[in-house]
Amino acid sequence: MGKEIISEKAPEPLGVYPHARKVGNLLFLSGVGPRKKGSDKIPGVLLDEKGQVSDYDISEQCHAVFENVRVILESSGSKWENLVDVTVFLTNMKDDFETYNKIYAEYFKKNQPCRTTVEVNSLPTPIGIELKCIAELT
């Protein structure tokens, strides 16, 4: 079934799953969000006293999630340029797609993996973006 990988540099998984799994010459990443390691704080998210999102900055979340993917890839023996497939989950396609797409283009100037972007009603934590990735191992 492949080797499980837990990165010491990435945010802790919120459930019983690894950050990634090596199978053959491929690396499959679990869903990656923008949280920072060692914290429940989500970059770009302001919560009200009831724990509900009162405001958010999708730009800040995009940069944070891309950095978390990079950390997991490097901890797993791969690298950003080896991404071959990216599935992106957005909770607000109408308002956030243009910003996300612009930032995505900055990160993927040289390597352009296959990409699917879908809108979902919600994600397990109050985040606006999550990535599911497949990469080649180096």
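This report walks through two helices, a pocket and a few individual residues of a predicted model.

## Helix α1 and its ends

Let's start with helix α1, which runs over residues 58-75 and has 18 residues. At 1.5 Å a residue, a helix like that should span 26 Å, and its end C-alpha atoms are indeed 26 Å apart, so the two values agree.

Plenty of α1 is tucked away from the surface: I58, Q61, C62, A64, V65, F66, N68, V69, V71, I72 and L73 are buried. At the N-terminal end, D57 acts as a cap, with a side-chain oxygen 2.9 Å from the backbone nitrogen of S59. After the helix comes G77, and its phi is positive, near 90°.

## Q61, inside the helix

Q61 sits in helix α1. It counts as buried because its relative accessibility is 1%, and the cut-off for buried is under 20%.

Who are its companions? Setting aside neighbours within four places in sequence, Q61 is in contact with P34, P43, G44, V45, Y56, I127, G128 and I129.

## S7, a loop residue that touches α1

S7 is in the loop between strands β1 (3-5) and β2 (20-23). Being in a loop doesn't put S7 out in the open here: its relative accessibility is 4%, so it counts as buried.

Leaving out residues up to four places away in sequence, S7 touches H19, V71, I72 and S75. Two of those names, V71 and I72, also appeared among the buried residues of α1. The side chain of S7 has a polar partner as well, reaching the backbone nitrogen of K9 at 3.1 Å.

## Helix α2 and what it packs against

Next up is helix α2, covering residues 93-107. It has 15 residues and reaches 19 Å from its first C-alpha to its last, close to the 21 Å expected at 1.5 Å a residue.

The buried residues in α2 are D96, Y100, I103 and Y104. They pack against a mix of elements: the strands β5 (53-56), β6 (83-90), β7 and β8 (129-136), along with helix α1.

## E119, meeting the start of α2

E119 lies in strand β7, which takes in residues 114-119. With a relative accessibility of 47%, E119 counts as partly exposed, because that class lies between 20% and 50%.

E119 and M93 are 26 residues apart in sequence, yet their C-alpha atoms are 5.7 Å apart in space. The side chain of E119 also reaches the backbone nitrogen of M93 at 2.9 Å. Not counting residues up to four places away in sequence, E119 touches L90, T91, N92, M93 and K94.

## D48, another loop residue

D48 is found in the loop between β4 (45-47) and β5. It has a relative accessible area of 28%, so it is partly exposed.

A polar atom of the D48 side chain lies 2.9 Å from the backbone nitrogen of K50.

## The largest pocket

Finally, the pocket. The largest one has a volume of about 260 Å³. It is lined by 20 residues, and those closest to its centre are Y17, G31, V32, G33 and R35.

What is the lining made of? Its residues divide into 11 nonpolar, six polar and three charged.

Methods
Residues are numbered from 1 along each chain as its sequence is written. This is a predicted model: local features need pLDDT of at least 70, side-chain atom pairs count only at pLDDT 80 or more; totals for chains, interfaces and linings use all residues. Side-chain values use heavy atoms; hydrogens and water are left out. Helices (H or I, at least four residues) and strands (E, at least two) are DSSP runs, numbered from the N terminus. The expected span of a helix is 1.5 Å times one less than its number of residues. Buried means under 20% relative accessible area, exposed over 50%, partly exposed in between (1.4 Å probe, protein chains only). A polar contact is a pair of N or O atoms within 3.5 Å; within protein, one must be able to donate a hydrogen and the other to accept it, and residues adjacent in sequence count only if both atoms are side-chain atoms. Contact means heavy atoms within 4.5 Å. On a 1 Å grid over the protein atoms alone, a cavity is a set of points where a 1.4 Å probe fits but cannot get out, and a pocket is an open set with protein on both sides within 12 Å along at least five of seven lines; lining residues have an atom within 4 Å of a point. Grid points are joined across faces, edges and corners, and a volume is the space filled by probe spheres set on the points. Ala, Val, Leu, Ile, Met, Phe, Trp, Tyr, Cys and Pro count as nonpolar, Asp, Glu, Lys and Arg as charged, and the others, Gly among them, as polar.
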